[in-house]
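Here are my notes on this model, written as numbered points. Have the structure open while you go through them.

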Amino acid sequence: MAVAIPVELRNLFQEPALAHVSYLNKKGQIVTFPMWVDFDGEHILVSSPIGSKKGKALRERPQLAVSIVSNDNRWHWLSISGRVVDIKPDDNLEFIDRMAKKYTGKPYERRTPREVFTVETDRVSSSGQRGRR
């Protein structure tokens, strides 16, 4: 059953705060990458080039964890675990371009095919109201 991200934490996805996304590789080791993330009101969204090791790992072992900390207030943070429930092509690189504009102010530079992973949350840990100013 999906767990909702509390409303008071959703603003983390409006600012250009890097997230750390962790998953298990084929050896069972935890691998963590700083990544751009988005939230569609229900799911967390992440992207990777088609054919990447990350994409292959998430297909074989869809469980992952994501943490994100506000750039403005380091005590305003969110940590989730969940699983990939959908994978779609990033048509015309619309998703990664939107993320690049949010994080860098310009379209994504590497124009190679990508895919978007939809993550359903099953655990949320956070700063809650403590992290709000």
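**Notes on the model**

1. I'll start with a loop residue: asparagine 92 counts as exposed, because its relative accessibility is 65%. Keep in mind that this is a predicted model. Asn92 sits in the loop between β6 and α2, and its phi is positive, about 55°, although the residue is not a glycine. As background, most residues other than glycine have a negative phi.

2. Leucine 93 is found in that loop between β6 and α2 too. Its phi is near 55°, again a positive value in a residue other than glycine. Is Leu93 buried or exposed? Leucine 93 is buried, as its relative accessible area is 9%, whereas asparagine 92 counts as exposed. If you check backbone angles by hand, this loop between β6 and α2 is where to find Asn92 and Leu93.

3. Now the sheet. It is open, has 7 strands and pairs in the antiparallel sense, and the order reads β2-β1-β5-β6-β7-β4-β3. Which strands stand at the edges? They are β2 and β3: each has a single partner strand, so one side of each is left without a neighbour in the sheet.

4. Strand β5, residues 63-69, is a good one to look at along its length. One face is covered and carries Leu64, Val66 and Ile68. The other is uncovered, with Gln63, Ala65, Ser67 and Val69.

5. β5 has a partner on each side in the strand order, β1 and β6. With β1 (residues 19-24) the pairing is antiparallel over 5 bridges, and here valine 21 stands opposite valine 66 of β5. With β6 (residues 77-89) the pairing is also antiparallel, over 7 bridges. On that side isoleucine 68 stands opposite leucine 78 in β6. Val66 and Ile68, the β5 residues in these two examples, both belong to the covered face.

6. On to the aromatics: a search of the whole structure turns up 4 aromatic pairs. Tyrosine 23 and phenylalanine 33 make a stacked one, with 6.3 Å centre to centre and 10° between the planes. The pair links distant parts of the chain, since Tyr23 is in strand β1 and Phe33 in strand β2, 10 residues apart. How do the two partners compare in exposure? Tyrosine 23 counts as buried, because its relative accessibility is 7%, while phenylalanine 33 counts as partly exposed at 34%.

7. Another stacked pair is tryptophan 36 with tyrosine 103, at 5.2 Å centre to centre and 10° between the planes. This pair also links distant parts of the chain: Trp36 is in the loop between β2 and β3 (38-39), Tyr103 is in helix α2 (residues 94-104), and they are 67 residues apart. Tyrosine 103 counts as buried, because its relative accessibility is 17%. Ring pairs also bring in Tyr108, so to speak, giving a cluster of Trp36, Tyr103 and Tyr108.

8. Phe33 deserves a second look, as lysine 54 lies over the face of its ring, at 4.6 Å from the ring centre. Both Phe33 and Lys54 are among the residues that line the second largest pocket.

9. That second largest pocket holds about 230 Å³ of space. Besides Phe33 and Lys54, its lining includes Trp36, Ile96, Tyr108, Arg110 and Arg114. The elements that give two or more residues to this lining are β2 and β4 (44-49). By class, the lining has 7 nonpolar, 2 polar and 3 charged residues.

10. The largest pocket has a volume of about 270 Å³ and is lined by 14 residues. Which of them lie nearest its centre? Those are Asn25, Lys26, Lys53, Ala57 and Arg61. β2 (30-35) and α1 (53-60) each supply at least two residues of this lining, and α1 gives the most, with 4 residues. The classes here are 4 nonpolar, 4 polar and 6 charged. If you compare the two linings, the charged count is 6 in the largest pocket and 3 in the second largest.

Notes
Residues numbered from 1 in each chain as written. Predicted model: local features only at pLDDT ≥ 70, side-chain atom pairs only at ≥ 80, totals over all residues. Heavy atoms only, no water. Buried < 20%, exposed > 50% of the residue type's maximum accessible area, 1.4 Å probe, protein only. Pairing = 2+ DSSP bridges. 1 Å grid on protein atoms, 1.4 Å probe; cavity = no way out; pocket = protein on both sides within 12 Å on 5 of 7 lines; lining within 4 Å. Points joined across faces, edges and corners; volume = space filled by probe spheres on them. Nonpolar A, V, L, I, M, F, W, Y, C, P; charged D, E, K, R; others polar. Phe/Tyr/Trp six-rings, centres within 6.5 Å; stacked < 30°, edge-to-face > 60°. Lys NZ or Arg CZ within 6 Å of the ring centre and 35° of its normal.
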